[in-house]
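Below are some notes on the metal site and the sheet, set out as numbered points. Please read them alongside the sequence and the model.

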Amino acid sequence: MSVQEIRLFGDPVLTSPAEPVLHFDKEIRTLVADLTETMHDAPGAGLAAPQIGVPLRVFVWDCDDSEGHLINPTLDLSSEMQDGEEGCLSFPGMSYETPRAFRAVAKGFNMHGEPIVIEGTELLARCLQHETDHLDGIVFIDRLSPTERKLAMKEIRESEWFGIATESGAAPKIKVSPHNTFGLGL
Ligand code: ZN
């Protein structure tokens with residue numbers, strides 16, 4: 001198991017839907033271990049497989065005293081909403097008020113193929129929604145109002161990292177202070 005490079009916005013893997021896991025084998029256990037180690041190294045509160053360049057429906061989280069991994073998730077969301085700052089390890093140093101459902105119930109499988117259910121409100125609910133979005137090729141700025149999204153795109157274009165992330169085939173190698181994500185790196 002090893003720390004992997006975190007892909008930055010501009011990398012096509014982050015805006016493409018990921019494939020369901022079909023075989024719960026050693027490769028998946030290694031992927032979960034790599035995701036967990038990379039999330040803790042960042043540090044972040046969650047990390048999805050596409051963020052390390054693996055287009056499979058797997059994510060890990062560590063927030064609100066809850067830690068784990070989930071494979072092939074589906075979400076049930078409350079109609080009640082919450083406001084709050086949200087950031088993403090694939091958008092270093094950025095955070096925006098992002099509307100999310102207040103409560104989420106995520107159903108899926110663990111690395112052994114056993115069904116599991118994770119239920120959370122507030123930050124954990126936010127995390128489950130953010131990570132499941134990653135598996136659908138959706139990033140958090142897609143959840144902003146059109147005005148906020150425009151501001152976010154401007155900030156991205158002006159960021160140091162964006163040029164590197166969009167260079168054809170170039171893997172971005174930027175290590176940004178974890179403080180820049182305000183502990184909200186997902
Ligand atoms: Zn993210």
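1. Along the chain, the donors of the zinc ion follow the spacing C-x41-H-x3-H-x51-L, where donors are N, O and S atoms within 2.8 Å of the metal (3.2 Å for Na, K and Ca), and water is not among the atoms, so sites may look incomplete. The pair Cys-88 and His-130, 42 residues apart, links distant parts of the chain, with Cys-88 in the loop between strand E5 (85-87) and strand E6 (95-97) and His-130 in helix H2 (residues 122-135); helices (H or I, at least four residues) and strands (E, at least two) are DSSP runs, numbered from the N terminus.

2. This is a predicted model, in which local features need pLDDT of at least 70 and side-chain atom pairs count only at pLDDT 80 or more, while totals for chains, interfaces and linings use all residues. Residues are numbered from 1 along each chain as its sequence is written, and side-chain values use heavy atoms, with hydrogens and water left out.

3. The protein donors are Cys-88 (SG), His-130 (NE2), His-134 (NE2) and Leu-186 (O), which lie 2.1 to 2.6 Å from the zinc ion. Both Cys-88 and His-130 are buried (under 20% relative accessible area, 1.4 Å probe, protein chains only).

4. Five strands form an open sheet, ordered E1-E2-E3-E8-E9 with antiparallel pairing (two strands pair if DSSP finds at least two bridges between them). Strand E1 (46-48) and strand E9 (115-121) stand at the edges with a single partner strand each, so one side of each is left without a neighbour in the sheet.

5. Strand E3 (residues 66-77) and strand E8 (residues 103-109) pair in the antiparallel sense over five bridges, and Ile-71 stands opposite Phe-109 in E8.

Terms used
Buried means under 20% relative accessible area, exposed over 50%, partly exposed in between (1.4 Å probe, protein chains only).
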